[in-house]
Amino acid sequence: MRIETYIKELLYDYNCVVVPNFGAFLAHGKSAGLDITTNTLIPPTKVVSFNAQLSKNDGLLVSHIAKAKNLGYEAALQEVMFESEAWHKKLERTERIELFGIGELWLNKEQKVQFQPEDKINYLTSSFGLSAFTATPIQREVLKEEVEELEEKIPFIITPETREQSSFRPWLKYAAIFLLAVSLGVTSYRTYGDVQQKKVAVQQDAQKQVSRLIQEATFFDSAPLELPALNIKVNKKQLGKHHIIAGAFRVEKNAEKKVELLKQKGYSAFYLGTNKYGLHQVAYDSFENPDEALNYLRKIKRTVSADAWLLSEK
């Protein structure tokens, strides 16, 4: 009789199942974890171990078998003892005992029982339906590092004195115009009377030009004009909340080229805009239903580009 089937049934509800005259299978709770080497998320589970010192019959396994097979307690006990004796003989012949869904038993060089648990079955009932999940690295983090690296290399030149210099230049123009006007007036007269008349006329004309330029300079140096707000209604293409991203580009022209290339290949590609890092994003398509978006993403990663990722708006 293969009693490991009944042992497995009991491990779901009990943390200790004793096989009389052989040993006990113990179940210890283990919290959820992450396997960094494979990026696998492991749900909470029960870890099964074996202790050969706990071999005294506690009646749990025998009573369970008697009830399941509709046998008397003594008859069920004899079957369990027979199976226990058969396991001992296998170990003495240096054979391995394979218990499906539980693990494997064998003797080491010191003739001590060794046990290797099997991790295909999760005996923790609160984790029913949960399975190990392999996480895919998020491409956005890689793009963020690239953007930060680019920003460190791009030089920024700030010249705060530019405004001060530009505001001073009009006065140089005014002075030059004034001196030019005076010099022309001085060199063009023939008589003292003409000199006086032309001098006064030139001075008045120069004064008018200086006043006009000063007024223009005052206008541009004053506070900017406040224009009334305009409400413009823009008809924007209705998009879903889940976008399949084909790439993000530093230069907008490269993003536009990517959109045209994807459209030529038959995709409903479009320019999504810039993200918080200033990168221009291009999407294969957009979906309102998250399940449809995930299915389309798997198809794109499998057939077109493994670098595609899903961007979901809140």
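User: Which strands does helix H7 lie across?

Analyst: In this predicted model, helix H7 (residues 252–264) lies across E10, E11 and E12. The angle between H7 and E12 is about 30 degrees. Angles under 35 degrees count as roughly parallel, so H7 runs roughly parallel to E12.

User: What is the order of the strands in the open sheet of 4 strands?

Analyst: The order is E11-E12-E10-E13, and the pairing is antiparallel. At the edges sit strand E11 (270–274) and strand E13 (309–312), each of which pairs on one side only. From one strand to the next, the twist averages 45 degrees.

User: How do you know that E10 and E12 pair?

Analyst: Count the bridges! Two strands pair if there are at least two bridges between them. Strand E10 (residues 242–249) and strand E12 (residues 280–287) have 7 bridges, so they meet that cut-off, and they run in the antiparallel sense. To find one bridge yourself, look at isoleucine 245, whose partner in E12 is alanine 283. As a general picture, strands of a sheet pair through backbone hydrogen bonds.

User: Which strands form the open sheet of 3 strands?

Analyst: They are E6, E7 and E8, in that order, with antiparallel pairing. Strand E6 (97–99) and E8 are the edge strands, each pairing on one side only. Neighbouring strands here are turned by 15 degrees against each other on average, direction ignored.

User: How many bridges join E7 to E8?

Analyst: There are 5 bridges between strand E7 (residues 103–107) and E8. The cut-off is at least two, so E7 and E8 count as paired. One of the bridge partnerships is tryptophan 106 with glutamine 114 in E8.

User: What makes the charged end of arginine 96 count as sitting over the ring of tryptophan 106?

Analyst: The charged end of arginine 96 is 4.2 Å from the centre of the tryptophan 106 ring. The distance limit is 6 Å, so 4.2 Å passes. The charge must also be within 35 degrees of the ring normal, and this charge does sit over the ring.

User: Why is the pair of phenylalanine 25 and phenylalanine 50 called tilted?

Analyst: Their ring centres are 5.1 Å apart, and their planes are at 55 degrees. Centres within 6.5 Å make a pair; planes under 30 degrees apart would be stacked and over 60 edge-to-face. An angle of 55 degrees falls in between, so the pair is tilted. The two rings come from distant parts of the chain: phenylalanine 25 is in strand E2 (residues 23–30), phenylalanine 50 is in strand E5 (residues 45–51), and they are 25 residues apart.

User: What other aromatic pair does phenylalanine 50 form?

Analyst: Phenylalanine 50 also pairs with phenylalanine 115, at 6.4 Å centre to centre and 40 degrees between the planes. That passes the 6.5 Å limit, and 40 degrees lies between 30 and 60, so this pair is tilted too. Phenylalanine 115 lies in strand E8 (residues 113–117) and phenylalanine 50 in E5, so the pair ties together parts that are 65 residues apart in sequence. Phe22, Phe25, Phe50, Trp87 and Phe115 form one aromatic cluster, and a search of the whole structure finds 7 aromatic pairs.

User: How do you know that phenylalanine 50 counts as buried?

Analyst: Buried means under 20% relative accessible area. Phenylalanine 50 has 16%, so it counts as buried. Phenylalanine 115 has 16% as well, so phenylalanine 115 is buried too. Of the 314 residues of the protein, 27% count as buried.

User: Why is H1 called roughly perpendicular to H2?

Analyst: The axes of H1 and H2 come within 10 Å and cross at roughly 110 degrees. The range for roughly perpendicular is 65 to 115 degrees, so H1 and H2 fit that name. The contact involves Tyr6, Ile7, Glu9 and Leu10 of H1, with Leu60, Leu61, His64, Ile65, Ala68 and Lys69 on the side of H2.

User: Which residues of H2 are buried?

Analyst: In helix H2 (residues 60–69), they are Leu60, Leu61, Val62, Ile65 and Ala66. These buried residues pack against helix H1 (4–11), strand E1 (16–19) and helix H3 (73–92). Just after H2 comes asparagine 70, with a positive phi near 60 degrees.

Methods:
Residues numbered from 1 in each chain as written. Predicted model: local features only at pLDDT ≥ 70, side-chain atom pairs only at ≥ 80, totals over all residues. Heavy atoms only, no water. Axes fitted to C-alpha atoms, helices over the stretch in contact; angles between N-to-C directions. Contact = heavy atoms within 4.5 Å. Buried < 20%, exposed > 50% of the residue type's maximum accessible area, 1.4 Å probe, protein only. Phe/Tyr/Trp six-rings, centres within 6.5 Å; stacked < 30°, edge-to-face > 60°. Parallel < 35°, antiparallel > 145°, perpendicular 65-115°, else oblique.
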